[in-house]
Amino acid sequence: MQFTSEQRLDDDVLERAFTLGEIPGILWTPASAYSSTSPAPLILLGHPPLGLGRVYPRLAARARHSAAQGFATATIELPGSGDRPRLPVVDRARAELRRALEAGEPVSDEIIDALVLPLVEQAVPEWRTALDALLSLPGIGGPVGYSGGVISIGIRLAVVEPRIAAAGLFAGSFVPRSMFEEARRVTVPLHVLLQWDDEGNDRQAALDLFDAFGSEEKTLHANMGGHTGVPQFAGDDAARFFTRHLK
């Protein structure tokens, strides 16, 4: 991991850009990470595959909110996003998805698989490599949480990465049928956010996925409104969830 820039935000949160090989990322650490005898717990911030430049304002807001609770947070650029090499199979699937939606046609399992599974297969090992590097830094330690982003990436990480102690997932993206089987193997505490009127999400599929999760502790937080209409109190509930399980 190589740090490429840093700045101190107004609330004394240290923001550092880094590269992990060819993968860009950002790490936010609260001042308490360097003034306390205990390292700050870490939350990995997932995001949609739109490029870090486009989603930065939302990520930075989430990071600052988490820092106020004493958490360090980090994110990495997803495969095929930003300045990273394109994933042709995903780009073709995205074009097919747009065509189906514009035509009012159902989105086939084949499109969903091609859209999501290549991303999961490449992104999850990269997240695990990033986690190795992040946990070696002074002032940062476990336990580790995963928050938001492409829900299928969160599912896979929760299954294969033993350092993930809790996950806050956003039921706002297409989920391949094979991921439902993986969901049954998830055992960490879960906080799942569902926007009831999300125009791009199959509500029943999201409810079925929640039912499939194997975790003994799982909470579904459903709110009225569309994809971007998440109320402030929903974020506060998620913060309390991570405080309960990571501190």
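This section describes the nonpolar cores, one buried arginine, the largest cavity and the second largest pocket of a predicted model.

The largest nonpolar core contains 59 residues. Among these, Leu42, Leu44, Trp127, Ile153 and Phe213 touch the most other members. Helix α4 supplies the largest share of this core, namely 13 residues. The surroundings of Ile153 can be listed in more detail. When residues up to four places away in sequence are not counted, Ile153 touches Leu78, Leu119, Val120, Ala123, Val124, Trp127 and Tyr146. Of these, Leu119, Val120, Ala123, Val124 and Trp127 fall within the range of α4, which spans residues 109–135. A second core, separate from this one, is made up of 17 residues and includes Leu9, Val13, Leu45 and Ala67.

A charged residue was examined next. Arg84 sits in the loop that runs between strand β5 (72–76) and helix α3 (88–102). The relative accessibility of Arg84 is 12%, so this residue counts as buried, the cut-off being under 20%. Through its side chain, Arg84 makes a polar contact with the side chain of Glu126, at 2.8 Å. Apart from neighbours within four places in sequence, the residues in contact with Arg84 are Ile23, Pro24, Glu77, Leu78, Pro79, Gln122 and Glu126. Leu78 is thus listed as a contact of Arg84 and is also touched by Ile153.

A search of the whole structure for enclosed spaces returned 1 cavity of 30 Å³ or more. The volume of the largest cavity is about 40 Å³. Its lining consists of Pro49, Pro79, Gly80, Ser81, Arg86, Leu87, Val90, Asp91, Arg94 and Leu119. Helix α3 gives the most to this lining, with 3 residues. Sorted by class, the residues that line the largest cavity are 5 nonpolar, 2 polar and 3 charged. Two of the lining residues have appeared above: Pro79 is in contact with Arg84, and Leu119 is touched by Ile153.

The second largest pocket has a volume of about 470 Å³. Three elements each give two or more residues to its lining: α4 (109–135), α6 (177–183) and α7 (203–212). The lining comprises 21 residues in total, and Ile112, Phe174, Val175, Asp202 and Ala205 lie nearest the centre of the pocket. The largest share, 5 residues, comes from α7. By class, 12 of the residues lining the second largest pocket are nonpolar, 4 are polar and 5 are charged. Helix α4 therefore has a part in two of the features described, as it contributes to the lining of this pocket and to the largest nonpolar core.

Terms used: Residues are numbered from 1 along each chain as its sequence is written. This is a predicted model: local features need pLDDT of at least 70, side-chain atom pairs count only at pLDDT 80 or more; totals for chains, interfaces and linings use all residues. Side-chain values use heavy atoms; hydrogens and water are left out. On a 1 Å grid over the protein atoms alone, a cavity is a set of points where a 1.4 Å probe fits but cannot get out, and a pocket is an open set with protein on both sides within 12 Å along at least five of seven lines; lining residues have an atom within 4 Å of a point. Grid points are joined across faces, edges and corners, and a volume is the space filled by probe spheres set on the points. Helices (H or I, at least four residues) and strands (E, at least two) are DSSP runs, numbered from the N terminus. Ala, Val, Leu, Ile, Met, Phe, Trp, Tyr, Cys and Pro count as nonpolar, Asp, Glu, Lys and Arg as charged, and the others, Gly among them, as polar. A nonpolar core is a set of buried Ala, Val, Leu, Ile, Met, Phe, Trp, Tyr and Cys residues joined through side-chain atoms within 4.5 Å. Buried means under 20% relative accessible area, exposed over 50%, partly exposed in between (1.4 Å probe, protein chains only). Contact means heavy atoms within 4.5 Å. A polar contact is a pair of N or O atoms within 3.5 Å; within protein, one must be able to donate a hydrogen and the other to accept it, and residues adjacent in sequence count only if both atoms are side-chain atoms.
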